[in-house]
Amino acid sequence: MATLPVFRWRLAPDGYATRRQLRARGLRPGGQQVAAQLERPRRRRGPLVAYLYRIDLAKPVRPMTPGRWAALAKANAARRTCPACRRDAGYVIPAHLGTCVPCAFPDYSPRSS
């Protein structure tokens, strides 16, 4: 089993990129294995690790199809719909509340000045 090359933070050679860097270029790993890793040392804890992929083996990002756009819109609408009152809140319902703000705090009324 071969070990991955390890580079220090900000010292990776050209031709390697993280997933986020690939995405910024309109690319994706495309099924390739991790080619190398970056390590950023930290005090009192293990190092931060970022995995690198080869840019020459990366593939273009798949375009969004109409079906994928529709599924994304439906998922976002579900995140905005309050389960208690079934209304579109106009914002993503906070997970720690579980309902829209008026349903979570029914007795609260803002001061009128």
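Which residues line the largest pocket? In this predicted model, the lining is made up of Trp9, Arg10, Ala12, Pro13, Asp14, Gly15, Tyr16, Ala17, Thr18, Gln21, Leu38 and Leu52. Several topics follow, beginning with that pocket and moving on to the sheet and to three residues worth finding in the viewer.

**The largest pocket**

- The volume of the largest pocket is about 170 Å³.
- Sorted by class, its lining holds seven nonpolar residues, three polar ones and two charged ones.
- Some lining residues will come up again in the sheet: Ala17, Leu38 and Leu52 are among those that line the pocket.

**The sheet as a whole**

- Four strands form an open sheet, and their order across it is E1-E4-E5-E2, with mixed pairing.
- At the edges are strand E1 (6–8) and strand E2 (16–17), each of which pairs on one side only.
- As general background, strands of a sheet pair through backbone hydrogen bonds, and the pairing can be parallel or antiparallel.

**Strand by strand**

- E1 and E4 are a parallel pair, joined over three bridges. To find one of their links, start at valine 6, whose bridge partner in E4 is glutamine 37.
- Strand E4 (residues 36–40) and strand E5 (residues 48–54) run antiparallel, and five bridges join them.
- You can follow E4 and E5 residue by residue: alanine 36 has leucine 52 as its bridge partner in E5, glutamine 37 has tyrosine 51, and leucine 38 stands opposite alanine 50.
- Glutamine 37 is a handy landmark, being the bridge partner of valine 6 and also having a bridge partner in E5, tyrosine 51.
- E2 and E5 pair in the antiparallel sense, over two bridges. Here alanine 17 has tyrosine 53 as its bridge partner in E5.

**Threonine 99, in a loop**

- Where is threonine 99? Look in the loop between helix H2 (66–80) and helix H3 (101–104).
- Is threonine 99 buried or exposed? Its relative accessible area is 17%, and since the cut-off for buried is under 20%, threonine 99 counts as buried.
- Setting aside neighbours within four places in sequence, threonine 99 is in contact with Cys82, Pro83, Ala84, Ile93, Pro94 and Ala104.
- A polar atom of the threonine 99 side chain lies 3.4 Å from the backbone nitrogen of alanine 104.

**Arginine 68, in a helix**

- Arginine 68 belongs to helix H2.
- With a relative accessible area of 40%, arginine 68 is partly exposed, because that class covers values between the 20% limit for buried and the 50% limit for exposed.
- Apart from neighbours within four places in sequence, the contacts of arginine 68 are with Arg62 and Pro63.
- How many residues separate arginine 68 from leucine 11 in sequence? They are 57 residues apart, and in space the distance is 38 Å, C-alpha to C-alpha.

**Threonine 3, ahead of the sheet**

- Threonine 3 sits in the segment before E1.
- Its relative accessibility is 73%, so threonine 3 counts as exposed, the cut-off being over 50%.
- Along the chain, threonine 3 and alanine 35 are 32 residues apart, while 9.7 Å separates their C-alpha atoms.

Methods:
Residues are numbered from 1 along each chain as its sequence is written. This is a predicted model: local features need pLDDT of at least 70, side-chain atom pairs count only at pLDDT 80 or more; totals for chains, interfaces and linings use all residues. Side-chain values use heavy atoms; hydrogens and water are left out. On a 1 Å grid over the protein atoms alone, a cavity is a set of points where a 1.4 Å probe fits but cannot get out, and a pocket is an open set with protein on both sides within 12 Å along at least five of seven lines; lining residues have an atom within 4 Å of a point. Grid points are joined across faces, edges and corners, and a volume is the space filled by probe spheres set on the points. Ala, Val, Leu, Ile, Met, Phe, Trp, Tyr, Cys and Pro count as nonpolar, Asp, Glu, Lys and Arg as charged, and the others, Gly among them, as polar. Two strands pair if DSSP finds at least two bridges between them. Buried means under 20% relative accessible area, exposed over 50%, partly exposed in between (1.4 Å probe, protein chains only). A polar contact is a pair of N or O atoms within 3.5 Å; within protein, one must be able to donate a hydrogen and the other to accept it, and residues adjacent in sequence count only if both atoms are side-chain atoms. Contact means heavy atoms within 4.5 Å.
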